[in-house]
Amino acid sequence: DEQELMAGFEATIERHDRIEPRDWMPEGYRRTVVRQVAQHAHSEIIGMQPEGNWITRAPSLRRKAILLAKVQDEAGHGLYLYSACETSGVSRDELTEMLIGGRQKYSSIFNYPTLTYADVGTIGWLVDGAAICNQVPLCRTSYGPYGRAMIRVCKEESFHQRQGYELLATMMRGTDEQRAMVQESVDRFWWPALMMFGPPDDDSPNTAQSMAWGIKRNTNDDLRQRMVDMTVPQAEALGVTLPDPELRWNEERQAHDFGTPDWDEFKDVISGNGPCNAQRLEHRRRAWEDGAWVREAATVFARRTEADREA
Ligand code: FAQ
């Protein structure tokens with residue numbers, strides 16, 4: 001009965017074992033997995049847009065090849081994650097409809113514009129950097145298909161992060177104008193990158209339950225602190241200044257103190273009013289509609305092949 005099933009589920013969580021799609025799970029657990037994994041998948045797919053914006057304007061063939069490969073990796077991550085999400089009983093079509101209909105979210109960060117080529121480097125360095133901080137612990141998430149997807153995704157994210165750092169390091173060795181371009185880009189992306197970790201813990205409605213279920217392994221503030229501590233020495237090595245006058249080493253805590261992100265801006269962005277929300281969703285909706293004939297053709301072809309085989 002239900003009580004016995006729940007005890008089995010809780011024992012699995014307690015042992016830090018994986019919950020698999022065939023296992024019994026409470027409805028709230030399933031809903032939370034779908035919400036987080038779908039949001040993650042949508043972020044990968046919507047996240048192709050800000051950088052994709054620069055593919056036709058990359059400054060060299062080499063940079064273009066690198067950027068194309070990176071954006072393709074993001075499509076791959078999105079597909080893995082949609083597959084992981086489908087194991088918990090929702091179809092990819094339903095997930096896409098929920099994204100386009102504004103019923104599911106994607107990461108706030110992708111609602112900011114990419115104004116210069118330096119932004120490609122900054123996204124690699126800071127946005128993929130934040131993604132790594134957040135996702136390495138998710139390799140140990142309790143939902144099996146999600147954790148396994150994270151292992152490969154994280155390997156590729158590490159590569160992406162180095163790619164961004166290398167791009168910025170190259171620009172920092174260039175002209176004064178290029179250095180100024182990097183600094184201006186970092187000034188715009190630093191705070192939105194810290195917002196990727198979600199609201200502060202005391203304002204995060206999902207953290208406690210998600211941690212109890214082992215879906216999340218760390219709190220939002222804990223991971224944000226890790227991001228700051230990881231990034232400060234990298235910023236020094238690059239020669240850029242992080243735009244936070246309150247940023248300093250705290251000897252006692254053995255961690256950096258830092259300022260408070262503008263949480264009103266964050267709330268605005270996640271409720272649909274960021275600088276690029278409308279544009280990002282509209283672009284996704286158009287791609288979905290323009291691709292309808294491909295999905296239809298593939299379905300008809302699959303049915304016909306199946307019928308031929310049976311005949
Ligand atoms: N943006 O109670 P919490 C990438 C929502 S990396 C938008 O703290 P939770 C790689 C949250 O959903 C980016 N919404 O929620 C890449 C909830 O609303 P809901 C993707 C946010 O789930 C790099 C409400 O606020 N990574 O794509 C955000 O416990 C370069 C309350 O928040 C992931 O998705 C936000 N930043 O913790 C690709 C990582 N933060 O759903 C291309 C997996 C919070 O109830 C280029 N996700 N909200 O309507 C997670 O770790 C968690 O879901 C958090 C949020 C930490 C994001």
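Let's start with D203, which counts as partly exposed because its relative accessibility is 39%. Keep in mind that you're looking at a predicted model. The side chain of D203 meets that of K267 in a salt bridge, at 3.7 Å from N to O. This pair links distant parts of the chain: D203 sits in the loop between α8 (176-195) and α9 (207-212), K267 belongs to helix α11 (residues 263-273), and the two positions lie 64 residues apart. K267 has a relative accessibility of 45%, so K267 is partly exposed too.

What is behind a contact like this? Side chains of opposite charge can pair when their charged atoms come close. Across the model, the count comes to 19 salt bridges.

Some of these bridges stay inside one helix. Take E156 and R152, whose closest N and O atoms are 3.7 Å apart. Both are in helix α7 (residues 144-172), and because they are 4 residues apart there, about one helical turn separates them. R152 comes out as partly exposed, since its relative accessibility is 49% and the cut-off for exposed is over 50%.

Helix α12 (residues 277-290) has a pair with that spacing of its own: R286 and E282 are 4 residues apart, about one turn of the helix. Their salt bridge has its closest N and O atoms 3.8 Å apart. How accessible is R286? Its relative accessible area is 41%, so R286 is partly exposed. E282, at 32% relative accessibility, is likewise partly exposed.

Salt bridges can also join up into something bigger than a pair, and here E51, K70, E74 and D128 are linked in a network of them.

Now for the rings. A pair of aromatic rings is described by the distance of the centres and the angle of the planes. The model has 6 aromatic pairs by count. One of them is F9 with W24: the ring centres are 6.3 Å apart and the planes meet at 85°, so you'd call this pair edge-to-face. F9 is in helix α1 (residues 2-14), while W24 is in the loop between α1 and α2 (27-46), so the contact ties together parts that are 15 residues apart in sequence. Is F9 buried or exposed? F9 counts as buried, because its relative accessibility is 2%. W24, with a relative accessible area of 26%, is partly exposed.

W54 and Y117 make another edge-to-face pair, at 5.9 Å centre to centre and with 80° between the planes. This pair links distant parts of the chain, 63 residues apart: W54 is in the loop between α3 (48-52) and α4 (61-86), and Y117 is in the loop between α5 (92-100) and α6 (118-135). Both W54 and Y117 are buried.

If you go back to F9 and W24, you'll find that they have further company: ring pairs link F9, W24, Y29, Y143 and W213 into a cluster.

Finally, have a look at where charges and rings come together. W54, already paired with Y117, also has R57 lying over its face, at 4.0 Å from the ring centre. W288 has a charged partner as well: R295 lies over the face of this ring, at 3.5 Å from its centre.

Methods. Residues are numbered from 1 along each chain as its sequence is written. This is a predicted model: local features need pLDDT of at least 70, side-chain atom pairs count only at pLDDT 80 or more; totals for chains, interfaces and linings use all residues. Side-chain values use heavy atoms; hydrogens and water are left out. A salt bridge is a side-chain nitrogen of Lys or Arg within 4 Å of a carboxyl oxygen of Asp or Glu. Buried means under 20% relative accessible area, exposed over 50%, partly exposed in between (1.4 Å probe, protein chains only). Rings of Phe, Tyr and Trp (its six-membered ring) pair if their centres lie within 6.5 Å; planes under 30 degrees apart count as stacked, over 60 as edge-to-face and the rest as tilted. A charge sits over a ring if NZ of Lys or CZ of Arg is within 6 Å of the ring centre and within 35 degrees of the ring normal.
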